[in-house]
Amino acid sequence: MNVRAAAANVLFQVVDKGHSLSHALPAAQKTIRPRDHALLQEICYGALRYLPRLESIANELMENSLKGKKRVFHHLILVGIYQLGFMRIPSHAAVGETVEATNTLRGPSLSGLINAVLRNYLRSQEELDAFSVSHNAGKYSHPSWILKMLQESYPEQWETMIEANNSKAPMWLRVNRQHHTRDEYLELLKNEDIEFTTHPEAADAIKLAAPFDVMKLPGFEKGWVSVQDAAAQLAVDYLKPQEGELILDCCAAPGGKTAHILEHTTDTEVVAIDADAKRLDRVYDNLDRLQLRADVLCGDARYPEEWWQGEQFDRILLDAPCSATGVIRRHPDIKWLRRATDIDALAELQSEIMDAMWKQLKPGGTMVYATCSVDPKENALQVSAFLDRTASAELIDSDRAAPGRQILPGEEDMDGFYYAVLKKSQA
């Protein structure tokens with residue numbers, strides 16, 4: 001398939017149909033040549049990152065919007081505008097290939113319209129680009145509800161957070177210490193002339209200077225290294241797994257944190273549970289590649305009696321379902337798929353899971369509550385409410401007035417993440 005046609009289909013699936021980019025993009029990649037995968041990803045990620053700007057320009061250039069069966073061609077126009085405005089593709093190639101995509105999409109009668117729209121954009125690009133950022137939606141490329149939440153919650157940092165959200169995420173690696181120390185793996189990267197930096201806090205984390213084919217990383221297929229953001233890697237530091245313990249990774253898919261716990265121990269029983277059976281396939285895949293073993297269960301964390309009849313756990317990592325507003329730079333579709341009304345529903349779900357999991361924790365045990373959100377309703381306020389209603393819970397390593405640690409997007413070039421450590425009293 002023509003790459004631009006594939007990109008238009010992905011945008012249509014995400015923006016109009018509400019499908020996630022992580023689902024739509026891999027499906028589209030199967031329809032094009034492998035050598036075009038990176039181009040397709042760049043167009044899709046970029047167009048979703050700057051969607052309001054592209055929409056604003058397209059609306060100025062078209063008298064009537066394309067609707068119904070023609071809707072995918074509207075997204076094809078956005079694909080064309082993104083290439084011309086943000087990529088280094090020669091304009092004649094960007095226009096030509098985008099117009100050619102109308103044949104793949106079975107709409108050759110629209111080729112003239114699309115050609116005219118894109119050439120009109122080129123003629124008035126400076127004025128149209130300026131107009132596209134003259135309003136908040138285009139200037140910040142965030143929906144109004146997220147923008148408002150960031151401004152109210154982070155009055156001094158929100159602009160930096162917006163900038164981080166609209167940037168490309170770096171590629172972080174996690175070294176499997178069952179095979180190498182981080183320093184040993186750094187030498188392997190040096191031998192391959194792969195540039196990197198390390199993280200001052202996450203002891204297993206390495207940031208690559210540029211994205212790299214994982215299959216060409218030293219020992220990737222042998223499980224020597226995995227791809228995982230440094231902020232997510234900090235989960236093991238807060239959990240502090242010990243040998244011989246029974247540990248639960250709750251809401252574990254795709255399994256990165258499960259694997260990291262196992263990489264830090266040799267005699268620990270880890271149970272990984274998630275409500276989504278399909279996503280658990282990725283847990284199995286990750287464990288197989290890393291040659292690690294966990295008890296993987298499918299179940300709803302709110303009802304542990306349905307999937308667990310064993311002892312209480314020494315430690316629980318509760319990586320709660322959340323809005324994922326801390327990982328927008330990795331998943332720009334979050335901005336357009338999430339709604340303000342989702343937050344209250346997620347907060348209620350998180351509360352129910354926390355209460356259920358607390359009953360599964362041994363007296364004296366530790367629970368780490370984590371999200372990849374930056375919304376206080378899901379994080380500090382959630383933990384405060386839990387502490388208020390749970391007499392046996394003690395907050396560890398943070399102030400009750402501002403419980404937990406909120407990592408902001410871009411901080412140490414990490415994703416946005418939240419952690420709170422809770423200890424259960426012996427009584």
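**Reading a predicted model, starting at C372**

Colleague: Let me start with one residue. Is C372 buried or exposed?

Modeller: C372 is buried, with a relative accessible area of 17%. Buried means under 20%, so 17% qualifies. Keep in mind that this is a predicted model.

Colleague: Which UniProt annotation covers C372?

Modeller: The unreviewed UniProt entry carries the annotation "active site" for C372. Treat that as a record's statement, since annotations may be inferred rather than shown by experiment.

Colleague: Where does C372 sit along the chain?

Modeller: Look in the loop between β9 (361-371) and α19 (380-389).

Colleague: What is C372 in contact with, leaving aside neighbours within four places in sequence?

Modeller: Contact means heavy atoms within 4.5 Å. By that rule, C372 touches C322, A324, T325, G326, V327, G416 and F417.

Colleague: Move on to the helix after that loop. Which residues of α19 are buried?

Modeller: First the general idea. An α-helix has 3.6 residues a turn, so residues three or four places apart point the same way. Now the case here. In α19, the buried residues are Q382, V383, S384, F386 and L387.

Colleague: What do the buried residues of α19 pack against?

Modeller: Their partners are α18 (340-359), β9, β10 (393-396) and β12 (417-424).

Colleague: Which residues does UniProt list for the domain?

Modeller: The unreviewed entry gives residues 161-425 as "domain: SAM-dependent MTase RsmB/NOP-type". That span is 30% helix and 24% strand. Its end C-alpha atoms lie 37 Å apart.

Colleague: Now the overall view. How many helices and strands does the protein chain have?

Modeller: Count 19 helices and 12 strands.

Colleague: How does the radius of gyration of the protein chain relate to that of a compact globule?

Modeller: Use the length as a yardstick. A compact globule with 427 residues would have a radius of gyration near 22 Å. The protein chain has 23 Å, which agrees. Its C-alpha atoms fill a box of roughly 75 × 50 × 40 Å along the principal axes.

Colleague: How many of the 427 residues, as a percentage, are buried?

Modeller: The buried share is 54%. Contacts can be read too. Among those with a separation of 6 or more, 72% join residues 24 or more positions apart.

Colleague: What does the surface expose?

Modeller: About 19400 Å² of the protein chain is exposed, and carbon and sulfur atoms supply 48% of it. As for charge, there are 47 positive and 61 negative charges, with mean positions 6 Å apart.

Colleague: Take D288. Is it buried or exposed?

Modeller: D288 is exposed, with a relative accessible area of 58%. Find D288 in helix α16 (residues 277-290).

Colleague: What should I look for in the backbone?

Modeller: Most residues other than glycine have a negative phi, and most peptide bonds are trans. So look for exceptions.

Colleague: Which peptide bond is cis?

Modeller: The bond from A253 to P254 is cis, with omega near 10°. P254 belongs to the loop between β5 (246-250) and α15 (256-263).

Colleague: What phi does R106 have?

Modeller: R106 has a positive phi of about 60°, yet is not a glycine. Its loop runs between α6 (91-104) and α7 (111-123). R106 is exposed, at 78% relative accessible area.

Colleague: And what phi does D413 have?

Modeller: D413 also has a positive phi, about 60°, without being a glycine. D413 lies in the loop between β11 (405-407) and β12. This residue is partly exposed, with a relative accessible area of 26%.

Methods. Residues are numbered from 1 along each chain as its sequence is written. This is a predicted model: local features need pLDDT of at least 70, side-chain atom pairs count only at pLDDT 80 or more; totals for chains, interfaces and linings use all residues. Side-chain values use heavy atoms; hydrogens and water are left out. Helices (H or I, at least four residues) and strands (E, at least two) are DSSP runs, numbered from the N terminus. Buried means under 20% relative accessible area, exposed over 50%, partly exposed in between (1.4 Å probe, protein chains only). The radius of gyration is taken over C-alpha atoms; the globule rule is 2.2 Å times the number of residues to the power 0.38. Accessible areas come from the Shrake-Rupley method with a 1.4 Å probe; for residues, only the protein chains shown count as cover. Lys and Arg count as positive and Asp and Glu as negative; His and the chain ends are not counted. The place of a charge is taken as NZ of Lys, CZ of Arg, CG of Asp or CD of Glu.
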